[in-house]
Amino acid sequence: MNVLVYDNEEQIGIAAGYYMCGQVLAKPDSILGLATGSTPLKPYRHMIQLYENGSVDFSRVTTFNLDEYCHLDVNDENSYHSFMYKNLFDHINIPKENINFLNGNADNLEEECEQYEKKIRAMGGIDIQLLGIGSNGHIAFNEPSDSFQRWSHVVNLKESTIKDNSRFFNSVEDVPTQAVTMGIGSIMQAKRILIIALGENKAKAIRQLIDGNVTPQCPASVLQFHTDVTLMLDRGAASLL
């Protein structure tokens, strides 16, 4: 693992933005795995700036998002679909037909997950996967459990994750209790992984990710087995290393 520690979130946003855009410059038809939440906001902002400056062209890029809530309208401001358009897709030139989400409102969620995996494989796999990490070590919506979920699947969200995400909703009761998510195997098949962590509340999970036992009780720990992982941490997230 390549562990990089920065003084603040702004520095990470610039570095991560350059890192993602560097992938596109090296391979204009890159397949990008993208994340939501507060962690990628500044990286996305910097990617937009680089596009607006004419430094990068996304017209041949394809994207796959990590996850989506179940039973939440895609036009709801808290859906990950809405998040991605508001914070990235509306501001750069990725063709809409190249943007892929798991559909949390599909009639058959298991079939939806299976088709998502098939499409990723048909495209040749994800070139670089952007990740955040939960305070309990979850990546995407792969929650602590007794086993690793390999492929995209439906998940019942843990109370800690619902609490973490309640800051985006009017109340904790409004947070969906289920989601569809890429599995650990889906993530591990990405050629490169970039994981960003901000704040002391992520420090324990980051220490487990880097130095702890590999266990499904901390899903992110499985990244120890990946051959190309870069971590960008602020000093709070790195405080227990």
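When I call a residue buried I mean that its relative accessible area is under 20%, while exposed means over 50% and partly exposed lies in between, with a 1.4 Å probe and protein chains only. Helices (H or I, at least four residues) and strands (E, at least two) are DSSP runs, numbered from the N terminus.

What you have in front of you is a predicted model, in which local features need pLDDT of at least 70 and side-chain atom pairs count only at pLDDT 80 or more, whereas totals for chains, interfaces and linings use all residues. Residues are numbered from 1 along each chain as its sequence is written, and side-chain values use heavy atoms, with hydrogens and water left out.

Let me begin with strand β7, where the side chains alternate: His153 and Val155 point to one face and are buried, while Val154 and Asn156 point to the other face and are not buried. That is the pattern to look for, because in a regular strand the side chains alternate between the two faces of the sheet. Two strands count as paired if DSSP finds at least two bridges between them, and β7 and β8 pair in the antiparallel sense over four bridges. Within this pairing, His153 stands opposite Thr181 in β8.

From there I move to helix α4, which covers residues 109-122. The expected span of a helix is 1.5 Å times one less than its number of residues, so the 14 residues of α4 should span 20 Å, and its end C-alpha atoms are indeed 20 Å apart. Which residues of α4 are buried? They are Leu109, Glu112, Cys113, Tyr116, Glu117 and Ile120. These residues cover an arc of only 135° around the axis, which puts them on the same side of α4; the arc is that of the directions from the helix axis to the C-beta atoms. An α-helix has 3.6 residues a turn, so residues three or four places apart point the same way. On the other side of α4, Glu110 and Ala122 are exposed.

What do the buried residues of α4 pack against? Taking contact as heavy atoms within 4.5 Å, they pack against β3 (62-65), β5 (99-100), β7 (153-156), β8 (178-181) and α6 (184-188), so that β7 and β8, the pair I have just described, come back here as partners of the helix.

The two ends of α4 deserve a word as well. At its start, a side-chain oxygen of Asn108 reaches to within 3.2 Å of the backbone nitrogen of Glu110. After the helix comes Gly124, whose phi is positive, near 100°.

Helix α2 can be read in a similar way: it has twelve residues and reaches 17 Å from its first C-alpha to its last, close to the 16 Å expected at 1.5 Å a residue. Its buried residues are Lys42, Pro43, Tyr44, His46, Met47, Ile48 and Leu50, and the buried residues of α2 pack against α1, β2, α3, β6 and β9. Just after α2, Gly54 takes a positive phi of about 80°.

In helix α3 (residues 80-87), Tyr80, Ser82, Phe83, Met84 and Tyr85 are buried, and what covers them includes α2, β3, β5 and α5 (159-165).

Now to the charged pairs. A salt bridge here is a side-chain nitrogen of Lys or Arg within 4 Å of a carboxyl oxygen of Asp or Glu, and by this rule the count comes to seven. One of them joins Lys42 to Glu10, with the closest N and O atoms 3.3 Å apart. That pair links distant parts of the chain, since Lys42 is in α2 (residues 41-52) and Glu10 is in α1 (residues 9-26), 32 residues apart. Glu10 is partly exposed, with a relative accessible area of 44%, whereas Lys42 is among the buried residues of α2.

Glu114 and Lys118 form another salt bridge, at 3.5 Å between the closest N and O atoms, and both lie in α4, four residues apart, about one turn of the helix. Arg192 and Asp228 also meet in a salt bridge (3.9 Å, N to O), linking strand β9 (residues 192-197) with the loop between α7 (203-211) and β10 (229-234). Lys27, Asp127 and Lys191 are linked in a network of salt bridges.

I close with two residues other than glycine that have positive phi. His71, in the loop between β4 and α3, has a phi near 60° and is exposed, with a relative accessible area of 59%. Ala140, in the loop between β6 (128-131) and β7, has a phi of about 50° but is buried, at 10%.

Definitions and conventions. A polar contact is a pair of N or O atoms within 3.5 Å; within protein, one must be able to donate a hydrogen and the other to accept it, and residues adjacent in sequence count only if both atoms are side-chain atoms.
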